[in-house]
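Q: Please take a close look at a single part of this structure. Describe its burial, its pairing and the contacts around it.

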Amino acid sequence: MRLFKISAAVLICAAVLSSCGSGAGSEGTTSAKSASDIVIETIMTRRSVRQYQPAAVGRDTMKTILECGINAPNGMNRQSWEIRVVDSPEFINGITELYVKSNPRAAEDPSFKNMFRNAPTVVFIAHDPSYDMSAIDCGLLGENMILSAWSMGIGSCCLGGPVRFMNSPEAADYLKRLGFSEGYELLYCIGFGYPAETPAAKDRDASKVRFID
């Protein structure tokens with residue numbers, strides 16, 4: 001049964017990337033594209049989004065994104081992550097109020113809505129610090145989620161800044177509400193939502209990549 005569930009999840013992720021994969025910022029149909037073309041296009045068109053439509057991502061859609069996430073490669077299949085999904089305005093707005101009290105300049109930005117780059121759905125990812133590769137596994141988990149989301153027209157932004165505040169005494173009650181297991185530590189979070197902007201691509205420094213003979 002476990003093998004069936006994993007296989008089914010892999011098929012879901014493949015279907016998402018191959019059949020939905022025009023991405024939120026690309027054009028044209030997918031009928032004449034190969035599966036590899038669609039995956040590459042999804043990766044190359046993905047952008048970090050910081051302005052979203054108000055509606056949270058539907059939970060059925062998020063479940064598909066999460067299935068893609070937990071099927072990421074990970075060391076010795078330890079699955080050394082824990083994930084919490086928050087789409088409650090009460091939670092997001094409540095902790096944002098505390099954040100603004102400690103960081104009043106944040107609210108001076110006229111586009112500011114919440115501390116998670118305005119995302120209506122936030123995924124919190126914790127790692128097991130006793131395993132030295134846990135952070136890498138969690139990074140692979142997040143990338144799977146980000147790419148599968150983009151292939152369905154859902155934007156995202158990987159966030160480290162809010163975690164600093166989440167780990168502060170002011171936000172202790174909200175961190176506790178996430179209910180991570182003992183020993184796990186919040187590592188980063190990802191905001192998800194339907195984009196209300198189309199960010200331009202930023203240059204990448206290809207000179208940092210070299211083949212060694």
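A: What follows deals with strand β2 and one residue of a neighbouring strand. The model is predicted, so local features need pLDDT of at least 70 and side-chain atom pairs count only at pLDDT 80 or more, while totals for chains, interfaces and linings use all residues. Residues are numbered from 1 along each chain as its sequence is written, and side-chain values use heavy atoms, with hydrogens and water left out.

Strand β2 spans residues 121–127, and seven of its seven residues are buried. Buried means under 20% relative accessible area, exposed over 50%, and partly exposed in between (1.4 Å probe, protein chains only). Strands are DSSP runs of E with at least two residues, numbered from the N terminus. Both faces of β2 are covered: Val122, Phe124 and Ala126 lie on one side, with Thr121, Val123, Ile125 and His127 on the other.

Two strands pair if DSSP finds at least two bridges between them. Strand β1 (residues 81–86) runs antiparallel to β2 and is joined to it by six bridges; here Trp81 stands opposite His127. Strand β4 (residues 185–193) is also antiparallel to β2, with seven bridges, and Leu186 in β4 stands opposite Ala126.

Glu82 is in β1. Glu82 counts as buried because its relative accessibility is 15%. Leaving out residues up to four places away in sequence, Glu82 touches Phe124, Ile125, Ala126, Phe180, Ser181 and Tyr184, where contact means heavy atoms within 4.5 Å. With Ser181, Glu82 makes a side-chain to side-chain polar contact of 2.6 Å. A polar contact is a pair of N or O atoms within 3.5 Å; within protein, one must be able to donate a hydrogen and the other to accept it, and residues adjacent in sequence count only if both atoms are side-chain atoms.

Note on methods: Helix = DSSP H or I, 4+ residues; strand = E, 2+ residues; numbered from the N terminus.
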